Amino acid sequence: MGIYVITGGTTGIGAEVRRKLLDQGHEVFNIDYKGGDYIADLSTEEGRKGAIKAVFLKYPDGVDSVICNAGVGPTAPPKMIFALNYFASIAIADGLRPLLKKKGGSCVVTSSNSITNMTVKMDWVDMLSNVGDEKPIMEFAEQIPREKTPSCYSSSKHALARWVRRVSSSWAADGMRINAVAPGNTTTPMTKGMTEKQMDAALLIPIPTRYGRKEFLDAVEIANGIVFLASPEASGINGVILFIDGGIDALLRSERF
Ligand SMILES: NC(=O)c1ccc[n+]([C@@H]2O[C@H](COP(=O)([O-])OP(=O)(O)OC[C@H]3O[C@@H](n4cnc5c(N)ncnc54)[C@H](O)[C@@H]3O)[C@@H](O)[C@H]2O)c1
């Protein structure tokens, strides 16, 4: 049985991933700012360093998989969105890479299907993924008005998906894999707090697999994809962005793949 490290495994999608892995008999180490096996605020450098150190101490012989799932939604402050959704995910994946290499393991990050929508600001994606220096980007984020947080969110997740694509061949050269899932709107604590107006806007284009019903995906549907990509069953899959959105991406961008 494998050793799986997950971030954001306490609620929502991450909790379903944990439940499935535990059911399959794996060992799971959850890094979260609440209810984790290791408590860390991953939006901070200190939290990330502490978490990486804790995993090295607990699993010196390596880990089979790292799932970078912790994230905040489009209503969070810009600094938090960039710090947690982008910088924390790549810091944890990179930081634990030596432990994954020992076991020829795999990494899965949680992106979003919003990476293809109109709110994405490519200059912010370039800033995150090409400049990559967190401190000045945090200073820049302080100036971003609150109404632009949907763009912060989709741009942070786009930069994360781009990063996965860029590094995947070097991970493969080291005998490892790295992939992303891009979920559509899913019922979790992140979306439960939405107002009726926000919910209506999110359901403007109904999810095809909901057959006209006005409802979001279930967290377990996303978890199924994450667990598959993380597992040895996905041994031929690397650098892929797996849309788990009930067919929204296919509906809106049928010609692009
Ligand atoms: N729910 C959706 O519709 C949806 C859609 C696309 C992508 N996602 C992504 O899925 C991932 C999981 O989100 P979810 O919907 O399950 O929501 P959630 O709020 O239930 O899960 C987020 C998890 O991250 C943890 N977390 C939050 N801030 C943290 C911090 N600073 N440090 C450490 N841990 C922290 C939370 O405690 C929780 O366990 C996120 O990356 C999110 O962006 C969600």
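**Exercise 1. The surroundings of the ligand**

Helix α7 gives the most to the shell around the ligand, with three residues. The structure is a predicted model. Describe the shell around the ligand by residue, by class and by contact.

*Solution.*

Step 1. Count the shell. The ligand is surrounded by 29 residues, and the closest are T11, D32, N69, T186 and T188.

Step 2. Sort these residues by class. There are 11 nonpolar residues, 14 polar ones and four charged ones in the shell.

Step 3. List the polar atoms that approach oxygen atoms of the ligand. For K157, a polar side-chain atom is 2.9 Å from a ligand oxygen. For Y153, a polar side-chain atom is 3.0 Å from a ligand oxygen. For G12, the atom belongs to the backbone, and the distance to a ligand oxygen is 3.4 Å.

Step 4. Work out the cover. The ligand taken alone exposes 820 Å², and the protein buries 95% of that.

Step 5. Assign the shell to elements. Two or more residues come from each of α1 (12-23), α6 and α7 (189-192).

**Exercise 2. Helix α6**

Compare the expected span of helix α6 with the distance between its end C-alpha atoms, then state where α6 bends and how far it is enclosed.

*Solution.*

Step 1. Take the length. Helix α6 covers residues 149-173, which makes 25 residues.

Step 2. Compute the span. The rise of 1.5 Å a residue is multiplied by one less than the number of residues, so α6 should span 36 Å. Its end C-alpha atoms are 37 Å apart, in agreement with that value.

Step 3. Look for a bend. At V167, α6 bends by about 40 degrees.

Step 4. Check the burial. Because 18 of its 25 residues are buried, α6 is largely enclosed by the rest of the structure.

Step 5. Move past the end of the helix. G175 follows α6 and has a positive phi, near 80 degrees.

**Exercise 3. A positive phi outside glycine**

Which residue other than glycine has a positive phi near 50 degrees, and is that residue buried or exposed?

*Solution.*

Step 1. Identify the residue. Y211 is not a glycine, yet its phi is positive, near 50 degrees.

Step 2. Place the residue. Y211 belongs to the loop between α8 (196-202) and β8 (217-218).

Step 3. Apply the cut-off. Exposed means over 50% relative accessible area. Y211 has a relative accessibility of 66%, so Y211 counts as exposed.

**Exercise 4. Strand β5 and helix α9**

Where does the side chain of S106 reach, and what is the state of S106 and A234?

*Solution.*

Step 1. Place both residues. S106 is in strand β5 (residues 106-110). A234 is in the loop between α9 (219-230) and β9 (241-244).

Step 2. Classify both. Buried means under 20% relative accessible area. S106, at 1%, therefore counts as buried, and A234, at 0%, is buried.

Step 3. Compare sequence with space. A234 and S106 are separated by 128 residues in sequence, while their C-alpha atoms are 9.4 Å apart.

Step 4. Follow the side chain. The side chain of S106 reaches the backbone oxygen of A230 at 2.7 Å.

Step 5. Examine α9. Its 12 residues should span 16 Å at 1.5 Å a residue, and the end C-alpha atoms are 17 Å apart, which agrees. The buried residues of α9 include A219, I222, G225, L229 and A230. V220 is also in α9, but at 28% relative accessibility V220 counts as partly exposed.

**Exercise 5. The helices α5 and α10**

What are the accessibility classes of E142 and L251, and what joins the side chains of E142 and K79?

*Solution.*

Step 1. Start with E142. This residue is in helix α5 (residues 134-142). Its relative accessible area is 52%, so E142 is exposed.

Step 2. Find the contact. The side chains of E142 and K79 are joined by a polar contact of 2.9 Å.

Step 3. Add a distance. E142 and P77 are 65 residues apart along the chain, with C-alpha atoms separated by 8.7 Å.

Step 4. Turn to L251. Helix α10 (residues 248-252) holds L251, which is partly exposed at 47% relative accessible area. The C-alpha atoms of L251 and I207 are separated by 9.2 Å, and the two residues are 44 residues apart along the chain.

Terms used:
Residues numbered from 1 in each chain as written. Predicted model: local features only at pLDDT ≥ 70, side-chain atom pairs only at ≥ 80, totals over all residues. Heavy atoms only, no water. Helix = DSSP H or I, 4+ residues; strand = E, 2+ residues; numbered from the N terminus. Bend = angle between axes of the 7 residues up to and from the residue. Buried < 20%, exposed > 50% of the residue type's maximum accessible area, 1.4 Å probe, protein only. Near = heavy atom within 4 Å. Polar contact = N/O pair within 3.5 Å; in protein donor to acceptor, adjacent residues only side chain to side chain. Areas by Shrake-Rupley, 256 points an atom, 1.4 Å probe, with all protein chains shown as cover. Nonpolar A, V, L, I, M, F, W, Y, C, P; charged D, E, K, R; others polar.
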